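The following exercises concern the structure shown below. Each task is followed by a worked solution.

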Amino acid sequence: MPDYQIVVVGLGGVGTILIERLARFLNYSRDINSQILLIDGDTYEMKNYARQEFSEIGSKAEVKELELQMKFPRMRFLSENAFITEANVGNFIKDGNIVFMCVDNHKTRKIISNYCKNLKDVTLISGGNEFEDGNVQVYVRREGSDLTPDICAYHPEIQDPTDKLPTEMSCEELSNSAPQLYFTNLGVATIMCWAFYNAIIRGKYLKSEVYFDITTMTADSKTRTLK
């Protein structure tokens, strides 16, 4: 019986959509046994209802853990009310994990990508978006070797980030996030589920990156070569 150890980092616009769909698929797939760790140091607020799915105000990770455990009893959910940093990333992400990265800053992406590069086996699925376009990257590492490029390889903005970690931001900066569109968040979450299905369920690493634009109704998938 497969035993999936899944980590979801970020439970905002993308993460709340993703985790509902992922958990439903896994809970009702009788041959799959899964544990999901939910990580986010932020809280749900009334203003989030336009894009984010949650049952009550409070710690995103803790609220989602309780909510999902009631809806999907076959699975085990854990939560950590924390933001990822270089100091704590090793506490949460382990060898053999499937990591869904649903964050909105490049510094966190780089920390997680760099950490995963030192693991023996890991699958990292990273999603992000602007207002009307987004992309999903898939980084797969097996037996100490990369099967697809890490998420920094073709993205200098991630390799050399100029933004801040949430732990480096003021309360005002945290509350003044860039505008987001629910439909774009939905697109990212859906493609991340496609990536999981192909890389984990089918064991096929068909494409390592997909870019989409909802205004042109197009998606462009790319097979990146190892550098």
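Helices (H or I, at least four residues) and strands (E, at least two) are DSSP runs, numbered from the N terminus. The model is predicted, with local features requiring pLDDT of at least 70 and side-chain atom pairs pLDDT 80 or more, while totals for chains, interfaces and linings use all residues. Residues are numbered from 1 along each chain as its sequence is written, and side-chain values use heavy atoms, with hydrogens and water left out.

**Exercise 1. Backbone angles in loops**

Locate Met217 and Glu143, and state the phi value and the exposure of each residue.

Solution.
- Step 1: Met217 lies in the loop between β10 and β11 (218–222). Glu143 belongs to the loop between β8 and β9 (145–146).
- Step 2: Phi of Met217 is near 55 degrees, and phi of Glu143 is near 50 degrees. Both values are positive, in residues other than glycine.
- Step 3: Most residues other than glycine have a negative phi.
- Step 4: Three classes of accessibility apply: buried is under 20% relative accessible area, exposed is over 50%, and partly exposed lies in between (1.4 Å probe, protein chains only). Met217 has a relative accessible area of 75% and is therefore exposed. Glu143 is also exposed, because its relative accessibility is 59%.

**Exercise 2. The largest nonpolar core**

Identify the elements that contribute to the largest nonpolar core, and describe the surroundings of Phe196.

Solution.
- Step 1: A nonpolar core is a set of buried Ala, Val, Leu, Ile, Met, Phe, Trp, Tyr and Cys residues joined through side-chain atoms within 4.5 Å.
- Step 2: The largest such core has 39 residues, of which Ile6, Val8, Leu26, Ile36, Phe100, Met192 and Phe196 touch the most other members.
- Step 3: Two or more residues each come from β1 (3–9), α1 (13–27), β2 (33–39), α2 (60–71), β6 (98–101), β8 (133–142), α7 (182–202) and β10 (209–213). Helix α7 supplies the largest share, eight residues.
- Step 4: Contact means heavy atoms within 4.5 Å. Leaving aside residues up to four places away in sequence, Phe196 touches Tyr4, Leu22, Phe25, Leu26, Ile98, Phe100, Ile125 and Ile201.
- Step 5: Another core, of 23 residues, lies apart from the largest one; Ala82, Ile84, Ile93 and Val99 are among its members.

**Exercise 3. Helix α4 and its approach**

Which residues of α4 are buried, and which elements cover them?

Solution.
- Step 1: The loop between β6 and α4 (106–116) contains Asp104. This residue is exposed, because its relative accessible area is 64%. The C-alpha atoms of Asp104 and Pro166 are 9.5 Å apart, although 62 residues separate them along the chain.
- Step 2: At the start of α4, a side-chain oxygen of Asn105 comes to within 3.4 Å of the backbone nitrogen of Lys107.
- Step 3: The buried residues in α4 are Thr108, Arg109, Ile111, Ile112, Ser113 and Cys116. Their cover includes β1, α3 (89–92), β6, β7, β8 and α5 (156–159).
- Step 4: Ser126, in strand β7 (residues 122–129), counts as buried because its relative accessibility is 2%. Beyond residues up to four places away in sequence, Ser126 touches Met101, Arg109, Asn135, Val136, Gln137, Ile151 and Met192.

**Exercise 4. Cysteine sulfurs**

How many disulfides are counted?

Solution.
- Step 1: A disulfide is a pair of cysteine sulfur atoms within 2.5 Å.
- Step 2: For Cys102, the closest cysteine sulfur is in Cys193, at 9.3 Å, and is therefore too far for a bond. For Cys116, the closest is in Cys152, at 10 Å, so this pair is also too far for a bond.
- Step 3: The count is zero disulfides.
- Step 4: Cys102 is buried because its relative accessibility is 10%. Cys116, with a relative accessible area of 0%, is therefore buried as well.

**Exercise 5. Enclosed and open space**

Which residues line the largest cavity, and which element gives the largest share of the lining of the second largest pocket?

Solution.
- Step 1: On a 1 Å grid over the protein atoms alone, a cavity is a set of points where a 1.4 Å probe fits but cannot get out; a pocket is an open set with protein on both sides within 12 Å along at least five of seven lines, and lining residues have an atom within 4 Å of a point. Grid points are joined across faces, edges and corners, and a volume is the space filled by probe spheres set on the points.
- Step 2: There is one cavity of 30 Å³ or more. The largest cavity holds about 50 Å³, and its lining consists of Gln137, Val138, Pro149, Asp150, Ile151, Tyr154, His155, Ser208, Glu209 and Arg224.
- Step 3: The second largest pocket holds about 240 Å³. Among its 17 lining residues, Trp194, Ala195, Asn198, Lys207 and Val210 are the closest to its centre.
- Step 4: Helix α7 gives the largest share of this lining, five residues.

Methods. A polar contact is a pair of N or O atoms within 3.5 Å; within protein, one must be able to donate a hydrogen and the other to accept it, and residues adjacent in sequence count only if both atoms are side-chain atoms.
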